[in-house]
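The following paragraphs go through a protein model strand by strand and then turn to its charged pairs and its surface.

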Amino acid sequence: MVHFNAYQPQYDATAQYCTDIPAEGETFLVVDLVDPGLREIPVGVRIVRGLREGAEGQIVASWSPVTHPDGIVRGEALLENGTYQVVVLAEGLSPTSYPLRVQMTDYSSLTSTIAKILIVLPVLTIVVYELSKSQRVRSWWASRRA
């Protein structure tokens, strides 16, 4: 079991990211080896551009497998706009990969936001229309204008 985080202190010193990285640039990558057994075997990391399953991608950063008694594998990579895989290689175990998206539009989040606007806007329009027809609101508005 491992935990992955990415940091870009040049943009936000306190933010940490998991799969969606907001900007291109130098990115600090940290893999926490949660499983104590992983701290006793060589573990390396490879950052590969592209997410196509089974396809060979461009390796943009690689850290050779060594033991990490402190349980932390760290390094940095220059990431550009696009998709990547963080591949964790532990000796004797199958590789584990995590997707990364750098400076890309999250269409599911965008769709959700648009849907909320499209639901709230008609309701708000109806409420304002009904209030504008109300005699109480008209008299209140007239007293304000006088």
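Strand β3 (residues 25-33) and strand β6 (residues 72-79) run antiparallel and are joined by eight bridges. Within this pairing, V30 of β3 stands opposite R74 in β6. The model is a predicted one, and the pairing described here is computed from its atoms.

Strand β3 also pairs with β1: six bridges join the two, and they too run antiparallel. Here H3 stands opposite D32 in β3. In a regular strand, side chains alternate between the two faces of the sheet.

Strand β1 covers residues 2-7 and includes N5. Is N5 buried or exposed? Its relative accessible area is 9%, and the cut-off for buried is under 20%, so N5 counts as buried. Leaving aside residues up to four places away in sequence, N5 touches Q16, Y17, F28, L29 and V30. Of these contacts, the one with Q16 includes a polar contact of 3.4 Å between the two side chains. V30, which N5 touches, is the residue that stands opposite R74 in β6.

R74 leads on to the charged pairs. How many salt bridges does the model have? The count comes to two. In one of them, the side chains of D70 and R74 meet, with an N to O distance of 3.6 Å. D70 has a relative accessibility of 43% and counts as partly exposed.

The other salt bridge is formed by the side chains of D20 and R101, at 2.7 Å from N to O. D20 belongs to strand β2 (residues 20-21) and R101 to strand β8 (residues 96-102), so this pair ties together parts that are 81 residues apart in sequence. Both partners fall between the cut-offs of 20% and 50%: D20 is partly exposed, with a relative accessible area of 34%, and R101 is partly exposed as well, at 25%.

The last feature is on the surface. I119, V120, L124 and V128 make a nonpolar surface patch of about 390 Å². One of these residues, L124, lies in helix α1, which spans residues 107-133.

To retrace the route: β3 is joined to β6 by eight bridges and to β1 by six. On β1, the buried residue N5 has a side-chain polar contact with Q16. The salt bridges are D70 with R74 and D20 with R101.

Technical notes: Residues numbered from 1 in each chain as written. Predicted model: local features only at pLDDT ≥ 70, side-chain atom pairs only at ≥ 80, totals over all residues. Heavy atoms only, no water. Helix = DSSP H or I, 4+ residues; strand = E, 2+ residues; numbered from the N terminus. Buried < 20%, exposed > 50% of the residue type's maximum accessible area, 1.4 Å probe, protein only. Polar contact = N/O pair within 3.5 Å; in protein donor to acceptor, adjacent residues only side chain to side chain. Contact = heavy atoms within 4.5 Å. Patch = residues over 30% accessible without salt bridge, like charges linked within 9 Å, V, L, I, M, F, W, Y side chains within 5 Å. Areas by Shrake-Rupley, 256 points an atom, 1.4 Å probe, with all protein chains shown as cover. Salt bridge = Lys/Arg side-chain N within 4 Å of Asp/Glu carboxyl O. Pairing = 2+ DSSP bridges.
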